Every structure is written in structure tokens, then in C-alpha cells.
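The exercises below are meant to be worked through with the sequence and the three-dimensional view side by side. Each one sets a task and then gives a solution in steps.

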Amino acid sequence: MHPAEPVFQADEGLNAKYRHFRVATDRDGLAWVTMDRQGASTNTFSREVMEELASLVDDLVARKPRGMILRSGKDSGFIAGADVEEFKAAASVADALAIVRRGWDTFNKLAAVPFPTVALVRGFAMGGGLEVTLACRYRIAVDEPATRFALPEVMLGILPGWGGVMRLPRLVGPSAALDLMLTGKSVDARKAKRIGLVDAAVPPRVMENAARMMALEAPPQKKLPLKERMMAGPLKAVVANMARKQVAKRARPEHYPAPYAIIELWQKYDGDPFAPPAGSPASMATLAAHPTTRNLIRVFALQERLKALGKESGFAAKHVHVIGAGVMGGDIATVCAMRGLTVTLQDQSAEKLAPAMKRAHELVRKRIKDKYRARDALDRLIPDVAGEGVRRADVVIEAIFENLEVKQDLFAAVEARAKPGAILATNTSSLKLADIAARMKDPARLVGIHFFNPVPQMMLVEVVKGEATRPELARDAAAFVRQIDKLPLAVKDAPGFLVNRVLGPYLANAFRMVDEGIAPETLDRAAEQFGMPMGPIALADTVGLDICAAAGKALAGADAKPPACLVRLLEAGKLGKKSGEGFYRYEKGKPVKGQAGPVTEDLVRRLIAPYLAEAQKAVAEGIVADADLADAGLIFGTGFAPFRGGPMHYLAEGGKA
Ligand code: NAI
């Protein structure tokens, strides 16, 4: 045994008393508390777990250890936060407030213990999982990619009410704290160290020793720099107002009250969720009763459901071969390489591959800050003009241009060379799987894996099961989609699948409204008022007007008359953002917009109605298995206003089509 390794003595008394925690004391008199929620693969704070922790803290105080170290007994990570199921099940505002009260009281009790406390964090520490570390005196993070810290409460429409709003700004200063709390984004161990969220980021082999030394030495706590103290003191109101302005760019208070509540709670009540009076924008009761909160929790559950789809198969790819290094193929290949897969990328010539490799460099450098990890990702991406990778690949993804004959020939050739168990997938947007597989010996081997543009940003991937596709193959494809950290949605092989089918009539209708003389700016403003992240016209410009026209033709039939505005722009070579001009002119990638006209309720209704109607039709035709999955797909695939809980939910709640 390593000389520094602690020798543990289990505390039988406490271990018999608690189900979710184990306690052992080392020879220095430090109590090692391991949280290990029974009956779950991930640690979360259910009511029972929280009550145990509160009682355990009392027991520890009575035992007077020299210090305490809190760690996780799960391989999956540290602690994922509150048990969202319990929050979802909270029948009344009072129930929701009781959950907040339990965590707030327990963590305050933990923060007040007279001995040094250290949180040893390996893997994710989310929400309440991060807040419990804030209630410890010190934090040690294990420097591995899986270690991430975040306060994602804002994404569920709530706020970090277990002491996060109070303790995080004190620890890292208001700017870093507000940034984390208002965006919900996560930071890794090194960033956590840089901003002062943790005291040390250490490799796994020394983690226990580092925690032990921290508890024994109990160094004095660092003071915030003067600038941060000013921001938390005399400049607090200025900082709060600046934060409000930042938030206002992304979220309206009537749609998303939580970020505004967080700012108010920090500014006026020092993060105490029970201090604001009823009616204050910072009131937890107001927040808990707001429909957005319920809907965002619903969106979270939908996301979990999509993730679960990827767990139905144990398929795990090592090598992916991508054919076609254009807009889609190049980015698909890069995303796979960034997720640790070996990727061979094929196109017709080295010249055709070069731009994709250049884009891959840019994307990897932007996304992976650690230069060694970035280099490793790029090393995994191999240009392969001859297509040799097909023989070794576990997944072959075809993303060549939309030409049926060429795709048919390609798959006949790929089938002959690929491994027998490999997933053979097409990224087609508009062709039928049965047609593409026409020249294959075994059409059951073909599945659709349909990505969205821009691939690195878009979470959703449609997994298309053709009539002939082997069902296990679709499940394997979903597991692969999870492997690259996207959300799989099973869809039927019908024109437009789910997302493009619903977007088609929505955009076509918006174009017709432009033909009627309504300004694009007005339409985009109307959609934003409804809660879309981007209006239909800006969306069309971003996708590319040539692609919109082609998709429109594929969905509406070649004989349908295309909208005049679209024809005019295409004739003038204005393809949208990529050509510098479409409906809008682009300067440095940003649209130059004119004044929007007045937006009436009727205008919003007319604009959104085709979207809602098409979503209903798609569900009725069984494109996805149920209405919830349509909501999930349309939220993650088109950005449909998350605070409304999805188009089908919106209709069910009385929203008008
Ligand atoms: P693209 O035109 O940008 O790229 C196609 C690439 O395939 C070109 O580099 C071309 O040289 C290469 N290619 C053509 N035939 C080939 C062959 N026989 N062997 C190897 N490489 C070959 O096209 P894009 O936009 O990337 O689309 C590709 C596929 O993805 C299409 O099926 C399209 O329907 C689908 N798709 C496109 C989306 C988009 O927004 N662009 C979104 C989702 C799917």
C-alpha cells in the first residue's frame, strides 16, 4: 500500500443507521463520507437522501472528527443534483417550497460545522451536487474530462435555492457566478480552478491524498480580489443591471422569469430564497407557480426520454467512415472525432477533402481548448480518398449530394466491402430509404441517420427506420447517436421525416406572407415574440434558400408554385447567409435588418398555425410514436419555444392552431 494511503475504520454505527451514506474514519481522525444513493446508478438528492445527510451532519458534529471529506460512491460521477422526478411530482407550490427548504437548511447546517470539510469531486457536480460542495469549506476536483461543474437550475426555470445564489458569488465573485447561474453552462476541473470554484484540480492518483492534506492543513480561505469585492459591494446594483441587460438579449421576463429571479435574489436578498416577499420577482413561490417552470421540467424529461432511446442497445462504435466531405459530412466526421472515435473521411479527390479538413481544424481548436486533446482529436480524423476505411468501420455514414442513382451505386459497393455487423447509414433529407437500398443485396442493412445543419450545434438527430430496416439496426444507430452526445429521435421513413416536414409548410407560409407585402423583419419579430429562437425568414437565410427551395419542392411536389419572393432571390443568386445576401444582407455574418412593423396577435397566430397543424398531422400519421416525442423532436430540432413545452403540449393546453 502507498504510505500516504489512508487506513480506514468503518463507522459501523452510522453505517447501520444510513442507507445512502457510508462513513469511515482514517488514522488521522478524518471522517470520509461516501454518498451512494441506493437503488440508483447516479447520486441525486431525493427527500430521503437529504434527510439522511441532515441527520448525518448532526451525528458527525457529535463525534467531533478532525475533518470531513465528502465523496461519491458512484462510477457515474459525483452528484447530479436534486431528484427532478420529485420536483416534477410536487403537487403544489408548498410541496416545491418544502424541497427548497430541506436543501437550504441541510446545506446551511453543513456549512456551519466546526471542523474543516472537503468535497472531493470526480465526475459531474450539477445543481444541488455543486451546491453541497459550496457548503463545504474546500473543494478538490479530479482533473478528468468527466469532471464538470454546473448550476443548470435556470434551464429548468428554477434557481439554485440550496445556497448556490448565496455562496457561489462569495466564492468566485459576482461576474463568474452570474455567468454560471444565468447560462447553466458547465466548467471543467481546470476552469473551476482558474475561477476559484475549487481549491485544487488534481490527477486521480493523488486525489485522496490531496483531500486529506487539505482537511488536515485547513489553509485560510482566499479573499476575493478587490474588483470582485467592489462588484459585490458598492457596485452591486450596476452589476445586476448589466446582467439584466445581458439576459434580456436572450430571454423575455414573461417567458423566462428564472434568470431575472436569480439576479434579484443575489442583489437584494443575498441569495436567501426565503427572504423575498410574495410578489417579488425573486420569490420562489412565484417561480414555482409559473407555467414556464412546469414546461421546462417537461422539456428536461423529454430530453431524458430521447437519451433513453440510445440505451436500448449496447452498440459502441470505434471507427466511423464518412462518405462525402461537404457541408454535412465534414462536420459529422469532425464531431465523431471530437467524441473519441477514429474517423476516415472519403470524398472524390484530395482537393474536395481539403476544405473539410481545414474546417475540422477550426472547429476542434474552437471547441477543445486543451491543445493535446485537440491534437488527439485531429489525429483521429483521417482523410481517405480511396475509401479504405469502409472495411474496418463500425458505422458508415453516407453524406454525398442528393442524387438517387449515385447513392444506390454507392450503397451496393459499400455493402460488398463493409463488415457484416456494421451500421450502413444515409444522411439523406428527401430520398426514401427503400429507393436508396434498391441495389443492395440486403436492404435491411440500411438505416437513416439524419443530422441537422449546423451539425456541431444541433442536438437532434433523426434515426430513420425504413420499411425494410432491421429493428435492431435502428436501436444500434440510436446508441451511436448517443455515443457522439446527440439526441436520437426514431422517425418513420416518410417525406421530410419529422423536423423538415413541419418546417416546410411553416416556411412556405412565411414566404407567402412576404409575397403579400409583410416585411421579413415583422415576421421574424412575430416569431420571436412567440418564443422562437429565430424567425422563419432568418432561419431560411441560415439554412440556404436553395436548400429551402429544393426541400419545398420535395415536400409539396414539383408542380406546386414556389413563392415569388424565393424565386426572385434565387434568380439573383441570393442564397442567404452563405452568399452574403438572401432576404437580409449579411455583414460579418450578421443580418442587417430594417425596422419591423407592428406585431398583432393575429399575425403571430397566422405565422405559427401551419407549424402547429403540420405537427398534429405528423403525429396522427405515426411519423413518431407519440405526441411527446414530436414535442421533443421539434424543441431540439427546430428550437420551438421550450417554455411552451412543445407544439403538441401547447395545443393541448389550449394554445390556438
Ligand atoms: P454537399 O454538396 O455540401 O457535399 C456533398 C459532398 O459529397 C461533396 O463534397 C461531393 O464531392 C461529395 N461526393 C459526391 N459524390 C460522391 C461520391 N460518389 N463519393 C464520395 N464523395 C462524393 O452536400 P451536403 O449539403 O453536405 O449534403 C449531403 C447529404 O446530406 C445530402 O443527402 C443531403 O440531403 C443531406 N443533408 C443536408 C443538409 C443540409 O442542410 N445541407 C441537412 C441534412 C441532411
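**Exercise 1. Backbone angles and exposure**

Task: Decide whether Asp485 is buried, partly exposed or exposed, and then place this residue in the chain.

Solution. The model is a predicted one. Asp485 has a relative accessibility of 37%, and because partly exposed covers the range between under 20% and over 50%, the residue counts as partly exposed. Along the chain, Asp485 sits in the loop that joins helix H20 (471-483) to strand E18 (487-492). Its backbone deserves a second look, since Asp485 is not a glycine and yet has a positive phi of about 65°. Most residues other than glycine have a negative phi, and most peptide bonds are trans.

Task: Carry out the analysis for Lys588, asking what the sign of its phi is and in which loop the residue is found.

Solution. The phi of Lys588 is positive, at about 50°, although this residue is not a glycine. Lys588 belongs to the loop between strand E19 (585-587) and strand E20 (590-592). With a relative accessibility of 86%, Lys588 counts as exposed, because the cut-off for that class is over 50%.

Task: State which kind of peptide bond leads from Asn453 to Pro454, and locate the proline.

Solution. The bond from Asn453 to Pro454 is cis, its omega being near 0°. Pro454 lies in the loop that runs between strand E16 (446-450) and strand E17 (460-465).

**Exercise 2. The surroundings of the ligand**

Task: Describe the shell of residues around the ligand, beginning with the question of which residues come nearest.

Solution. The ligand is surrounded by 22 residues, of which Met328, Asp347, Glu402, Lys407 and Asn427 come nearest. Sorted by character, the shell contains ten nonpolar, eight polar and four charged residues. As for secondary structure, helix H15 (327-338) and helix H18 (404-417) each contribute at least two residues to this shell.

The next step is to look at individual atom pairs. An N or O atom in the side chain of Lys407 is 2.6 Å from an oxygen atom of the ligand. Two backbone contacts can be added: a polar backbone atom of Ile400 is 3.3 Å from a ligand oxygen, and a polar backbone atom of Ser429 is likewise placed 3.3 Å from an oxygen atom of the ligand. Taken on its own, the ligand has 830 Å² of accessible area, and the protein covers 83% of that area.

**Exercise 3. Salt bridges**

Task: Find out how many salt bridges the model contains, and examine what the pair Arg294 and Glu653 ties together.

Solution. The count comes to 45 salt bridges. In one of them the side chains of Arg294 and Glu653 meet, with an N to O distance of 3.6 Å. Arg294 lies in helix H14 (residues 291-309), whereas Glu653 lies in the segment after helix H28 (647-652), so the salt bridge ties together parts that are 359 residues apart in sequence.

Task: Examine the pairs Asp376 with Arg375 and Arg470 with Glu472, and classify the accessibility of each partner.

Solution. In the salt bridge between Asp376 and Arg375, the closest N and O atoms are 3.4 Å apart. Asp376 has a relative accessible area of 33% and is therefore partly exposed, and Arg375, at 43%, is also partly exposed. The side chains of Arg470 and Glu472 form a salt bridge with an N to O distance of 3.4 Å. Arg470, at 32% relative accessibility, counts as partly exposed, as does Glu472 at 39%.

Beyond these pairs, a network of salt bridges links Arg501, Glu614, Lys617 and Glu621.

**Exercise 4. A sheet of three strands**

Task: Work out in what order the strands E6, E8 and E9 are arranged, and which strands are at the edges.

Solution. The three strands form an open sheet with the order E6-E8-E9, and the pairing is mixed. Strand E6 (125-126) and strand E9 (186-188) are the edge strands, each of them pairing on one side only. Strand E8 (residues 148-150) pairs with E9 in the antiparallel sense over three bridges, and Phe149 stands opposite Val187 in E9.

Terms used: Residues numbered from 1 in each chain as written. Predicted model: local features only at pLDDT ≥ 70, side-chain atom pairs only at ≥ 80, totals over all residues. Heavy atoms only, no water. Near = heavy atom within 4 Å. Polar contact = N/O pair within 3.5 Å; in protein donor to acceptor, adjacent residues only side chain to side chain. Areas by Shrake-Rupley, 256 points an atom, 1.4 Å probe, with all protein chains shown as cover. Helix = DSSP H or I, 4+ residues; strand = E, 2+ residues; numbered from the N terminus. Nonpolar A, V, L, I, M, F, W, Y, C, P; charged D, E, K, R; others polar. Buried < 20%, exposed > 50% of the residue type's maximum accessible area, 1.4 Å probe, protein only. Salt bridge = Lys/Arg side-chain N within 4 Å of Asp/Glu carboxyl O. Pairing = 2+ DSSP bridges.
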